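Here is a friendly walk through the charged contacts and a surface patch of one protein. Have the sequence and the 3D view open as you read.

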Amino acid sequence: MNQLIEKVKQWSIEKGLDHAEPSKQFLKVVEETGEIAAAIARNDMEELQDAIGDTIVTLIILAQQHEMEVEECLEQAYNVICGRTGRMVNGVFVKSEDL
């Protein structure tokens with residue numbers, strides 16, 4: 001995974017995306033997540049895989065634009081959720097404090 005992340009970061013440098021406007025990059029994140037929703041709605045697993053990959057690419061670049069490492073962002077999020085308690089409600093995990 002780390003090699004792929006580095007390839008994406010290098011690609012973004014070559015395209016000048018690493019210094020582009022982060023708010024514009026976030027619009028790409030939202031666009032790609034919309035494609036995830038469309039793929040799920042259509043039960044199109046090939047498109048879903050592509051859209052998830054595209055979303056990850058846009059997030060890697062957004063982190064890069066803010067001089068962050070996406071792995072560190074993921075680790076921080078995991079450290080928050082790893083001890084989280086809660087339960088499934090109608091197919092959605094709801095954390096204890098929100099129950």
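The text below covers salt bridges and then a nonpolar patch.

This is a predicted model, in which local features need pLDDT of at least 70 and side-chain atom pairs count only at pLDDT 80 or more, while totals for chains, interfaces and linings use all residues. Residues are numbered from 1 along each chain as its sequence is written, and side-chain values use heavy atoms, with hydrogens and water left out.

**Salt bridges**

A salt bridge here is a side-chain nitrogen of Lys or Arg within 4 Å of a carboxyl oxygen of Asp or Glu. By this rule the count comes to three, and they are listed here with their closest N and O atoms.

| Pair | N to O distance |
|---|---|
| K9 and E6 | 3.4 Å |
| K9 and E69 | 2.7 Å |
| E31 and K28 | 3.2 Å |

Let's begin with K9, since E6, K9 and E69 are linked in a network of salt bridges. K9 and E6 are three residues apart in helix α1 (residues 2-15), which separates them by about one helical turn. Helices (H or I, at least four residues) are DSSP runs, numbered from the N terminus.

The K9 bridge to E69 has its closest N and O atoms 2.7 Å apart. This pair links distant parts of the chain, with K9 in helix α1 and E69 in the loop between α3 and α4 (70-81), 60 residues apart.

Is K9 buried or exposed? K9 counts as buried, at 13% relative accessibility; the cut-offs are under 20% relative accessible area for buried, over 50% for exposed and partly exposed in between (1.4 Å probe, protein chains only). Its two partners are both in the middle class: E6 is partly exposed at 42%, and E69 is partly exposed at 31%.

The remaining pair in the table, E31 and K28, lies in helix α2 (residues 22-42), where the two are three residues apart, about one turn of the helix. E31 is partly exposed, with a relative accessible area of 39%, and K28 is partly exposed too, at 35%.

**A nonpolar patch**

On the surface, M1, I52 and I56 form a nonpolar patch with about 300 Å² of accessible area together. Patches are made of residues with over 30% relative accessible area and no salt bridge, with nonpolar side chains (Val, Leu, Ile, Met, Phe, Trp, Tyr) joined within 5 Å and like charges within 9 Å. Accessible areas come from the Shrake-Rupley method with a 1.4 Å probe, and for residues only the protein chains shown count as cover.

Within this patch, I52 sits in helix α3 (residues 45-65). I52 is partly exposed, with a relative accessible area of 39%.
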